[in-house]
Amino acid sequence: MITFIISLVALVLGYFIYGKFVERVFGPDDRPTPAVAKADGVDFVVLPSWKIFMIQFLNIAGTGPIFGAIMGAKFGPSAYLWIVLGCIFAGAVHDYLSGMLSVRLGGANQPEIIGHYLGKTTKQVILVFSVFLLMMVGAVFVFSPAKILGDMWEPSAISEQFGPYVFWIVIIFLYYIIATMLPIDKIIGKVYPLFAFSLLFMAAALLIMLLIKQPHIPELWEGLSTEPLTPQSIFPYLFITIACGAISGFHATQSPLMARCMQKEKMGRPIFYGAMITEGVVALIWATVAMYFFYSEPQPGYEQIAGAANAVNDAPSIVNIICNDWLGVAGGILALLGVVAAPITSGDTALRSARLILADFVHLEQRTIRKRLYVCIPMFAAVIALLVWQMNDKEGFNILWSWFGWSNQSMSVFMLWAVTVYMVQQRKPFVITLVPALFMTTVCSTFIFVSPQAFGWSYGLGYAFGAVVLVVALVWFFAWYRKQMK
């Protein structure tokens, strides 16, 4: 628990110290924001800062800082280091700068930001990549909450006729369509703060229970003697498994939604940097809860909870068991609301982002419902096809989730390089983005080399080629840098 307390304090201090430094480097001013200059009543709408923060937090969180942290805890106390250092020096910097560049570029979406600094070809690649990633998010985040709800209750007549979870999948998908089509302040602006509160309540309640229980879990300095509960190597798998809570490229697709609702640039640090730090705190709490579940002494936590013996490899089951055991009926219901609402809300804003990206690409205004439908109909058809494939293939969800994780982190690589180019061009201290960009480039390339779903090479060979990619990236960057300086 000492490592946990130190990590928690470090995240808070990171916001006030390093977050302030990053804000000063960027230099927000009093120029009109897109929400004011381009107000359209649909996507460009001024919202209160507290509401934007809650929506941003829920948009970027989903179940990522919960399920990812639980699965990442199997790597032992090293998960603490990645959550703290990754969140402060990589994830929050990525989120803040991508959000603020969106503000400066008139509410530009992720492909436009990347294309502005890395060129048109890169923009086209990222546009396809990001839309596919967002549709994957929509498909994944339909199925996972539908499964949780379906395991609790669903009409037997429908499940017998059409299969399990179909009832809830249809309900959630209908909500997706409505939320994606309507102006941002009609549904998202009204219900998201409530869902965000339930997610934060769950984390706060578990934090209190951790402080009361004081379970003995491995400390960071005991890490070398802690046997991981996974055969995967810490590098690169830990950095792919824990994305939300450390750094996530998906966040840069969500930040422009809130960049179009900010009244002042100075709201950026609490909204973008602050929401990421908050997500890091949630991930830290769940990683600690999971370590209690996996590693607590004298016996693992799951051996102390009735019905949990077979749940070690099932993150949703761990969430339900812990919440019901620690928080009681009322707390368990509110916690479940957070676990179910989080993926649903991330899914609908993912599809909203995809609509805006596609609309910007084809230069189709989105004031009228008819023109929104032009984009939404083919997009929803593609998501439904992806969802049907996922349900018909027994390994569909696992395959989709693993590639979502890699795609997610690869998206962060492109954005980090884009903001690094911005920092160089503006004569700002670019090292604060260059180091995370190099690190994540190495992580994602090494994952491709060693993953059984890609090249499947040995760790030794994969690490060697990962090092080659790092050297090439360094040489390429500094060659470009010298030309810029001339």
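At what angle do α13 and helix α14 (residues 268-295) pack, and how far apart are their axes? The angle is about 135 degrees, and the axes of α13 and α14 lie 11 Å apart. Axes here are lines fitted to C-alpha atoms, for helices over the stretch in contact, and angles run from 0 to 180 degrees between N-to-C directions. Helices (H or I, at least four residues) and strands (E, at least two) are DSSP runs, numbered from the N terminus. The model is a predicted one, in which local features need pLDDT of at least 70 and side-chain atom pairs count only at pLDDT 80 or more, while totals for chains, interfaces and linings use all residues. Residues are numbered from 1 along each chain as its sequence is written, and side-chain values use heavy atoms, with hydrogens and water left out.

The pair α13 and α14 is therefore oblique. Angles under 35 degrees count as roughly parallel, over 145 as roughly antiparallel, 65 to 115 as roughly perpendicular and the rest as oblique. The crossing of α13 with α14 is right-handed; that is, the near helix is turned clockwise from the far one by less than a right angle, whereas anticlockwise would be left-handed. From α13, His251, Ser255, Met258 and Ala259 meet Phe272, Met276 and Glu279 of α14. This contact of α13 with α14 comprises 4 nonpolar, 2 polar and 1 charged residues. Ala, Val, Leu, Ile, Met, Phe, Trp, Tyr, Cys and Pro count as nonpolar, Asp, Glu, Lys and Arg as charged, and the others, Gly among them, as polar. Contact means heavy atoms within 4.5 Å.

Helix α13 (residues 251-259) has 9 of its 9 residues buried, so it is largely enclosed by the rest of the structure. Buried means under 20% relative accessible area, exposed over 50%, and partly exposed in between (1.4 Å probe, protein chains only). Among the buried residues of α13 are His251, Gln254, Pro256 and Leu257.

A second helix pair was examined. The axes of helix α8 (residues 120-152) and α10 come within 9 Å and cross at roughly 135 degrees. That makes α8 oblique to α10. The crossing of α8 and α10 is right-handed. In α8, the residues that meet α10 include Gly138, Phe141, Pro145 and Leu149. Their counterparts in α10 are Trp168, Ile169, Ile172, Phe173 and Tyr176. The contact of α8 with α10 holds 11 nonpolar residues, 2 polar and no charged.

Leucine 58 belongs to helix α4 (residues 49-61). Leucine 58 is buried, with a relative accessible area of 0%. Beyond its neighbours within four places in sequence, leucine 58 contacts Tyr192, Phe195, Ala196, Leu199, Ala342, Thr345 and Ser346. Its C-alpha atom is 9.1 Å from that of phenylalanine 197, although 139 residues separate the two along the chain.

The whole structure contains 8 salt bridges. A salt bridge is a side-chain nitrogen of Lys or Arg within 4 Å of a carboxyl oxygen of Asp or Glu. Glutamate 23 and arginine 269 form one such bridge (3.2 Å, N to O). Glutamate 23 lies in helix α2 (residues 18-26) and arginine 269 in helix α14, so the pair ties together parts that are 246 residues apart in sequence. Both glutamate 23 and arginine 269 are buried.

Glutamate 265 takes part in two further bridges, with arginine 31 (3.8 Å, N to O) and with arginine 104 (2.7 Å, N to O). Arginine 104 is in helix α6 (residues 78-104) and glutamate 265 in the loop between α13 and α14, 161 residues apart. Glutamate 265 is buried at 1% relative accessibility. Arginine 31 is partly exposed at 40%, as is arginine 104 at 24%. Shared partners join Asp29, Arg31, Arg104 and Glu265 into one network of salt bridges.

Backbone geometry was also examined. Most residues other than glycine have a negative phi, and most peptide bonds are trans. The bond from phenylalanine 235 to proline 236 is cis, with omega near 10 degrees. Proline 236 lies in helix α12 (residues 234-241). Tyrosine 165 has a positive phi, near 75 degrees. Tyrosine 165 sits in the loop between α9 (156-162) and α10 (166-181), and is buried at 16% relative accessible area. Glutamine 214 also has a positive phi, of about 50 degrees. Glutamine 214 is located in the loop between α11 (188-213) and α12; with a relative accessible area of 47%, glutamine 214 is partly exposed.
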